Amino acid sequence: RRMRRERLLSVMLSLVGTAPFIIFVLHLSVLESSAPSWDLAAEAPTFEESSSSSDGGSDDPTIPGVKGTVAYAISLTGCGDMGSADMHVQGAAVLGHSIRMNSAYNPRSKSRYGYKLIAFVHPDAASCSEPFRDVGYEIMVRDTPVNVSDIRGEFLRTHVHKIGCCGEKEYLKLYSYQLTDYPVVVHFDMDCIMLRPLDDLFDVLLEGPNSTVARNVPVMFDAPLPDRIDAFFTRDYNMVKPGKRYPGFQGGFLVVRPNEEVFTEYVDIILEGNFVGGQGWNGTYGGYWGAQQIQGLCSYYYDGLHPGTAVELNRCIYNQMVDSPKKSDKCIDGRVECEDCRATNIERIYTAHFTQDCGKPWSCKPDFRRPLCRELVRSWHMYRREWDNATSGHRTIPISTEGNYQPETFQGNCAGSGPGNYIPFQLKSKATR
C-alpha cells in the first residue's frame, strides 16, 4: 500500500498546475464516492474470531441483536483438472469472506444475522473437498437426489446427464431445502460475492410483506409482494428471446425457505420427468440453456405449480452480472423501457455474479469495457486481500511476492495479464497433505 501511495504521489506532483491534474483529481473523487469503503486494518475481524474452522460459521446467540443464523451454501459437483479445482477454492474462500464481512460477526456491517458456510459435495468431488473445509465450509457429501435411470420421462432420462457443466449433479442445489435447522438458505455459485448484508430479504421472507423493511426490497417490475414468500430469485433474460413469458431462473443466486416437503416434491417432479424437448417442463417452462436443471426446474415449480410464492428481485441490485439490457434494440425483460444494469452505482448492489462480460476475477483481465466491471472485480480482490490479512501465517502461507499488475484493481493478486498470472493463496493444510 505504501508503494502505491508513493507512485500516486509521484504522478500527482508531475501533473500539478496542469489541466490533466484537475481531471485526474475529479476522476479520483468519483471513484471514492462510488466504491465501497475499505479499511483492511479496521474492517476485517480475524478469521478465527469470526468463524470456526470446523463448522463453517457460528450461531452464537450471545452476540447482541442477532435474529438468527442463515445458511450459505455452495455445490461442488466434481474435481475437474487441478487448476479449475484450485480456482474453485479461491472463489469459495473470497465468497465466504464476503459473507462473513456482511454478517453479524462483523459489527461494522450492522447485520442482524449470523452465517453458516456449507458445501454440498458430490461423491465424485469428495477427494478434492478438504480445501473447502480449510477455508471455512462444513462439508456435506451428498449424491444426486435422484437416480437418473429411475426418471420415467424418456427425454429427461436420456438427456439431463449431457447438459451444461454438471448434468444431473446440479440438482445438488436442491439440498438447500433440507437445511431446516436454519430459517433461510442462500445458495451461491462460487464466482459470486456479497457487497451488502441481505437482512431486508431475510426479514421480509420471515415476517411477510408487512415487514417494516418491505419497501426496501427492489422487486422486478415493481410487482407487489405476496402474502407468503418462500423464495427470492433473479431471472436469466440473456438465455431467451425478449418477451418470453417464463424465462429461466438464474441459478447462481437463490434465497429459499428450507422445507423438507418442498425437497420431496422437487424429487417427485424430476422422477416424473414431464419434460418436452425444446419446450420444457410440462411443455412450457424451458426452451433455453439449463432448462432441464435448476434454471427451468425452479421456474416450473414457482411459476407453474406454486405461483405467487416466490419474488423476482431487480437483477441490477441482486445477482448483478453487468449484462446488456437489450437484444436487437429490444429490452430483454420484455419491457418497452428497461434499466441498464451496466450503469448501476456499485453502492446499490448487494450481490454480484462474475459470469458475463466482466470475466472471472482471477482471470486478471487487462481491459474492462464497463467501469462497473472494474469496480466489482476490484471489490473481489479487496475481499481477497482482507482474507490474506486475516489468515496469513496460521491458515495460509504468507505470500512472498506481490503482483504489480494494475495494483489498484487487482490489489497485488496479479503479476500480469491473463489467468496464468493470478497469484493464489496457498493453504498450509494443503502443503502438509
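## Strand β7 and its neighbours

A231, F233 and R235 point one way from β7, while F232 and T234 point the other way, and every one of them is buried. That split fits a general pattern: in a regular strand, side chains alternate between the two faces of the sheet. Strand β7 covers residues 231–235, and with five of its five residues buried, the strand counts as mostly covered. Keep in mind that we're looking at a predicted model here.

So what does β7 pair with? With strand β11 (residues 310–312) β7 runs parallel, and three bridges join the two. With β8 the pairing is antiparallel, and this time there are four bridges. F232 is a handy residue to click on if you want to see both pairings: V311 stands opposite F232 in β11, and V255 is the bridge partner of F232 in β8.

## The cavities

How many cavities of 30 Å³ or more turn up in a search of the whole structure? There are two. As a general point, rolling a probe the size of a water molecule over the atoms shows where empty space is left.

The largest cavity has a volume of about 50 Å³. Its lining is made up of K173, L174, S176, Y177, V185, H187, L254, V256, I294 and C298. Three elements give two or more residues each to that lining: β5 (185–188), β8 (249–256) and α10 (294–305). Strand β8 is also the antiparallel partner of β7. Sorted by class, the lining has seven nonpolar residues, two polar ones and one charged one.

The second largest cavity holds about 30 Å³ of space. Lining this one are D357, C358, K365, D367, F368, R369, R370 and C373. What is the class make-up here? Five of the lining residues are charged, three are nonpolar and none is polar.

## How far to trust the model

The protein chain has a mean pLDDT of 87, with 83% of its residues at 70 or more. Two stretches need some care. Over residues 1–9 the pLDDT is below 50, and this stretch has nine contacts in the model beyond near neighbours in sequence. Residues 11–35 also have pLDDT below 50, and that stretch has 18 contacts beyond near neighbours in sequence. In general, where pLDDT is low, the predicted coordinates should not be read in detail.

Terms used. Residues numbered from 1 in each chain as written. Predicted model: local features only at pLDDT ≥ 70, side-chain atom pairs only at ≥ 80, totals over all residues. Heavy atoms only, no water. pLDDT = per-residue confidence, 0-100. Contact = heavy atoms within 4.5 Å. 1 Å grid on protein atoms, 1.4 Å probe; cavity = no way out; pocket = protein on both sides within 12 Å on 5 of 7 lines; lining within 4 Å. Points joined across faces, edges and corners; volume = space filled by probe spheres on them. Nonpolar A, V, L, I, M, F, W, Y, C, P; charged D, E, K, R; others polar. Buried < 20%, exposed > 50% of the residue type's maximum accessible area, 1.4 Å probe, protein only. Pairing = 2+ DSSP bridges.
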